Amino acid sequence: MTAVADGAPALGTPTTRPHRAAEALPRYAPALAAFVFVVVILLSADTPALDIARYTGYALLAVVLPGTLVYRALRARPHTLVEDLAVGAAVGLVLELAAWAVLTGLGLEHWLWLWPVAVVLPFVAVPRLRRHWRVTGYTPVPTGWAWSVAAIIAGFTIYLAESFLYRNPVLPLGEEQAQYIDLPFQLSIAGAATHQMPPEVPQVAGEPLHYHWFGFAHMAAANLVSGVDLPTVFFRLAVPTLCLLAVLLVAVVGWRISGRPYAGAVAAALMLTIGEFGYENGIRQLFGTQATFIVWGSPSMTYSWVLLLPLIAVLADRIGPARGVTVPPLGRGAWVLAVLLLAASTGAKASSVPVVAAGLGLTALVTLVVRRRLAWPVIVAGMLALAAQGFATAILFAFESHGVTVDPFSGLRPFVGAAADRGPGASVLLWGAVLLAFLLNLQLRLAGIVALLRHRRFRLEPVQVFLLGGAVIGPAIYLLVGHPGSSNQYFTRAGFAFGVIASGWGYAELIERARLHRRGRVLLATGAAGFALLLCLIQLNNRATVHSAPVWDPLRPLLWWAAALAGLALLVALVWPVLAGRWPGLRGRGAVVLLTGILVAGAPGLVMDAAAAHRYSNGGAYAVVPMPQSRVAAARWVYEHSEADDVVATNAYCRAVVDGRCDARSFWVSAYTQRSVLVEGWAFTPKLVGQPDGPYVPFWDQTRLRANDEAFAAPTEAGLADLRDRYGVRWLVVDRSVGQEAEVLAHLADRRFDNGRLAVYQLR
C-alpha cells in the first residue's frame, strides 16, 4: 500500500529526481510500517528470521509478481498501485494453484519454484507485454486511507498473536501441549498436497478427498517454493499473510465499487476489526463460531475471502458501476478474471460460489422486474457461477453433502428449546427474541446498509443490489440449512464480504451528506475510538456468566447489552436538540453519530476473544486434542526418513475411547509425518461427516482395521508382508500409552526410533 498527500502527482508522473526521492519515504511509509510491525510480531512468536525472509521472497516473487503482471495485462486501465498489487496477489494465488496442480500431478512438485518463470519470461520477451513492468497514471492514494489500512493490519495482527500465534507453538514444547481439534487435520491435508494431486484423505490411505482443499494446496506450494518447513508455514506465516491480504482487498474493492476511498477503509475495519456484537457471554460461540476466531481455526475461510473479494469487484465491474463512480473500468479482461477467480473459489470454500450465484440471480431478477429488461452481463456471470458450482458439486465434492441438510432454523432452535410448557404467544416472543439476537450478533456491523437504502430511497442500482443480495443470501442459507458441526455458518461468513462493502458505502455517503470538515471528522473518529475503548473496558470488567437453564440463557447478556445501548441512544437523541442549540456544528450530524456508535458496538469482539485465549493453552478453541512433544517427535522422525508415497500404520487412531467406542478424531500422525496413514481418525472423512453417531461412527472397512490392529498386537511375518504389499505400509508408529506392541514385532521389523513412549518400526 502506498500513500501520497491529497493533490500530489500520480505515481509515475515525471518529476525531478530529488523531488521523487524526497517523496518516496512518506509515500511508502504506511506499507513499510505495516510490514515491519507484522515481522516484529512474527519474531516475537519465535518465528525464525530466515524463514520470514524466505517466505517474504516467495510471496513477492512467486505470487505477487506473476499475478500483478497478469492482472495488469487483463485490466484495461490502472486505478491505484495498491489495487494492482493486492488483486494481483489474488490472481497469483490462482496461477499458483494451476501450476501446483500440473507439476504435482506429473510428480514434478520439487520443480514448482520455477513456475513464475513461465509467466515472467513472456513479459520480458514480448514487446507488447513489457509495458506492464512500469505503469504510469495511477490515482494517488490518500494518506489517511493508507495509514488507516496499515492500522487495521497492525491491530488484527496483534489479535492473531494473542489468540493464535502465542498460543500454538510450531512444534509442541512439552507433554501437556494441546491443539484445537481441526488444526492437525488441516495440517495433514497440506502435508498430503505436497506430493499428491488431488490429495487423498490423509487418515485413510487411498480414500479420495472430496473437500475444499485449495487453501491447503496453497500452503503446500508455499512450503515447496520457499523451502520453509510446512508446520512453520501453517502455524506462523500463512494465516497472517492471508489476513493482511484480505484487509487490503476489502479496502481496494470497497473503493473500486463505491468510488470512495474511505468506504473501502471502513469496510476493512468492519470485516476484520469490528467483532460480533455481544460476544462475551460466558461461552465462545453463539450462532456458529466467532468470526474472528475463524481466520485461524479455519484458514480455508480466509483463503476463500482472498479470492471472493476480487471476484466481487470483477463481477461488479461487469454488472456496471453506480452513477457518479469514476473508477476506471476493468474492460473485457474482467471476464477472464471472473473465470479464474470462480474456478479457484470452487475448492477454496464450499460456501463462496453458492452465495455469488444466488446474488447474481437476485440481481438479474430485480433488474428484470424494476427496469423491465434482461441484464445480459449479469445473466452471463450467473451462468459462469452456476457452471463453477456444477463443477464443484460433481467433481470436487462428488455429490457428498458433508452433513449439510435442509433444516430451517436449526442454528436458532437450540436457544428456543421444547415448547411443551409454553403457549403460542410465549413461543412467538421467544422465537422473535432469538431471531433478534441472531441479527444483532452477526449482522449489526452491516447497519450502514440501512443508510445506503435510505439515501437511495430503496432504488438501488444493480451493483448495489448485487452487494445487498450477497449480504442477505449468506445468512439466509445459514437459516435454511443445518449441519451437526455448525458448518452452515460459513455461508454467513461469505455474505460478510458483500455486506461490509455495502455497509461501508452507506456510511461514506452519510459522512458526505453531513459535510463534516477535517476537524469534525477528527472529532468523530476520536469519539468512535473512545466509545469503542469504553465498551471494551466495560465488557472486560463485567464478563457474563451463563447458567445451565433456560436454554436461551446465553443470549441474555447480548440482549441486555442491546437494550442498554438502545437506551443510551434514545437518551442522546432526546438531548441532541439541546446540544445542537449549544453547538451549531452538531446540527444535521445526529444520524452520523448514531450510525458510528452502532457500527463500533461490536468492537469488544476481538478484544474479548484475545482475552479469552489467555485462559487456554491452545487459543481457546472449543475442542482440543492432546499433542505431546513425544508424539510429534516420532512423527517428524518418520517425515525426515521416509519417502513421500510411503504409508504409515499406527495403533493411536482414537482421540479417546469412551464406553468402548472410538472417538475417531486423532490426526497427529498424518499431520506431522506428512504421509498417508493406513487407518487414523476417520471421523472427518467426507462419507462419514454428519453421521448420527458423530465422531463415534465405526470405521467402514473392518478388514483393514483388523489388519492394522494385528500388526501391533499379534504381528506375523505374513500379516506384515500383506500390509506392505497390499496397502503400501512401510512404517509402524507405536504409542505405548495406547497399547504396548507385541515383543515379537522387534524380530519381524526394524526398530528405528524409540523415545520411551513412542517407537517407530520399519517393515522389511
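**Aromatic pairs in a predicted model**

Both Trp 637 and Trp 731 are buried. The model is predicted.

Colleague: What kind of aromatic pair do Trp 637 and Trp 731 form?
Modeller: Their ring centres are 5.8 Å apart. The planes meet at 75°, and planes over 60 degrees apart count as edge-to-face. The pair of Trp 637 and Trp 731 is edge-to-face.

Colleague: How many residues apart in sequence are the parts that Trp 637 and Trp 731 tie together?
Modeller: Trp 637 belongs to helix α25, residues 629-641. Trp 731 belongs to strand β9, residues 729-735. The pair therefore ties together parts separated in sequence by 94 residues.

Colleague: How many aromatic pairs are there?
Modeller: Rings pair if their centres lie within 6.5 Å. By that rule, the count is 21.

Colleague: Take Phe 156 and Tyr 159, which form one aromatic pair. Why are they separated by about one helical turn?
Modeller: Phe 156 and Tyr 159 are both buried. Both sit in helix α6, residues 143-165. They are about one helical turn apart because their spacing in that helix is 3 residues.

Colleague: Which residues do ring pairs link into a cluster?
Modeller: Here ring pairs join several aromatic residues. The cluster consists of Phe 164, Tyr 180, Phe 234, Phe 235 and Trp 296.

Colleague: Which ring does the charged end of Lys 687 sit over?
Modeller: Consider Lys 349 as well: it lies over the face of Tyr 490, 3.9 Å from the ring centre. For Lys 687, the charged end is 4.4 Å from the centre of its ring. That ring belongs to Trp 700.

Technical notes
Residues are numbered from 1 along each chain as its sequence is written. This is a predicted model: local features need pLDDT of at least 70, side-chain atom pairs count only at pLDDT 80 or more; totals for chains, interfaces and linings use all residues. Side-chain values use heavy atoms; hydrogens and water are left out. Rings of Phe, Tyr and Trp (its six-membered ring) pair if their centres lie within 6.5 Å; planes under 30 degrees apart count as stacked, over 60 as edge-to-face and the rest as tilted. Helices (H or I, at least four residues) and strands (E, at least two) are DSSP runs, numbered from the N terminus. Buried means under 20% relative accessible area, exposed over 50%, partly exposed in between (1.4 Å probe, protein chains only). A charge sits over a ring if NZ of Lys or CZ of Arg is within 6 Å of the ring centre and within 35 degrees of the ring normal.
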